[in-house]
Amino acid sequence: EEDGGETPEPTDAITFIGLPAEYTNPATNGDEVKVTMNATNGIKNIFVNISSENAGFNEMLSGLNFDKEFDLVNPSAEVKGNLIGLGLIQEGVSIEGKTTYIFDVTGFMEPLEKTSSGLNTFSIRVVDLKDNEASGDLRITVVK
């Protein structure tokens, strides 16, 4: 029987490979730290919020304007240059509408280990073009 309503979205509209995940000293151990995001309806936003137990690392985040949630798909001007400089996004390459995106923070792990100790959390929330959401945490522990 047709009720005229919208078909509910499948729960797997957005999936992750590598999230949630936990790493300890990934740069020292030579671990790749990547999250693959798959959105069957296309990506609208990738929100990232980085938090740390370490005051020095929080200062570095503030200097990069990464001390508050930012959107990899539509970054503010103050964040965009730093994202490009760290290789987290590419100049002139749009993420919006893509069905797969790899968030590779491997290159960010060495400076993280140099400036931090304790737990550092990258909370990632993906929104697709139909406003479905999925999220998870990438936890990086630095032991010195």
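Helices here are DSSP runs of H or I at least four residues long, and strands are runs of E at least two long, both numbered from the N terminus. With that in hand, welcome to the tour of this predicted model.

**The whole chain**

Start with everything selected and colour by secondary structure. You should find 4 helices and 8 strands. Walking from the N terminus, the elements come in the order β-β-α-β-β-α-β-α-β-α-β-β. Along the principal axes, the C-alpha trace spans about 65 × 30 × 25 Å.

**Stop 1: a cis peptide bond**

Select Leu-19 and Pro-20. The peptide bond that joins Leu-19 to Pro-20 is cis, and its omega is near -5°. Pro-20 sits in the loop between strand 1 (14-17) and strand 2 (21-24), so keep both strands on screen as you look.

**Stop 2: helix 2 from end to end**

Now move to residues 55-63, which form helix 2. At the start of this helix, show the side chain of Asn-54: one of its oxygens comes to within 3.0 Å of the backbone nitrogen of Gly-56.

Then travel to the other end. Which residue just after helix 2 takes a positive phi? Asn-65 does, with a phi of about 65°, although Asn-65 is not a glycine. To place this residue, look in the loop between helix 2 and strand 5 (70-71).

**Stop 3: helix 2 against helix 4**

Add residues 106-115, helix 4, to your selection. At what angle do helix 2 and helix 4 pack? The angle is about 135°, and the axes are 8 Å apart. Angles over 145 degrees would count as roughly antiparallel and 65 to 115 as roughly perpendicular, so this pair is oblique.

Show side chains for the contact itself. Helix 2 brings Gly-56, Phe-57, Met-60 and Leu-61, while helix 4 brings Phe-108, Leu-112 and Thr-115. By class, the residues of this contact are 5 nonpolar and 2 polar, with no charged ones.

**Stop 4: the cavity**

Keep Phe-108 selected, as it also belongs to the lining of the largest cavity. A search of the whole structure turns up 1 cavity of 30 Å³ or more, and the largest cavity holds about 30 Å³ of space. To see its walls, select Phe-108 together with Val-48, Ile-50, Phe-66, Phe-70, Leu-88, Phe-103, Val-105 and Phe-122. What classes of residue line this cavity? The lining has 9 nonpolar residues, no polar and no charged.

**Stop 5: the pocket**

For the last stop, stay with Leu-88 and Phe-103, which are also among the residues lining the largest pocket. Add Gly-87, Ile-89, Gln-90, Val-93, Ile-95, Lys-98, Thr-100, Tyr-101, Ile-102 and Asp-104 to complete that lining. The largest pocket has about 150 Å³ of space. Colour the lining by class and you will find 7 nonpolar, 3 polar and 2 charged residues.

Conventions
Residues numbered from 1 in each chain as written. Predicted model: local features only at pLDDT ≥ 70, side-chain atom pairs only at ≥ 80, totals over all residues. Heavy atoms only, no water. Axes fitted to C-alpha atoms, helices over the stretch in contact; angles between N-to-C directions. Parallel < 35°, antiparallel > 145°, perpendicular 65-115°, else oblique. Contact = heavy atoms within 4.5 Å. Nonpolar A, V, L, I, M, F, W, Y, C, P; charged D, E, K, R; others polar. Polar contact = N/O pair within 3.5 Å; in protein donor to acceptor, adjacent residues only side chain to side chain. 1 Å grid on protein atoms, 1.4 Å probe; cavity = no way out; pocket = protein on both sides within 12 Å on 5 of 7 lines; lining within 4 Å. Points joined across faces, edges and corners; volume = space filled by probe spheres on them.
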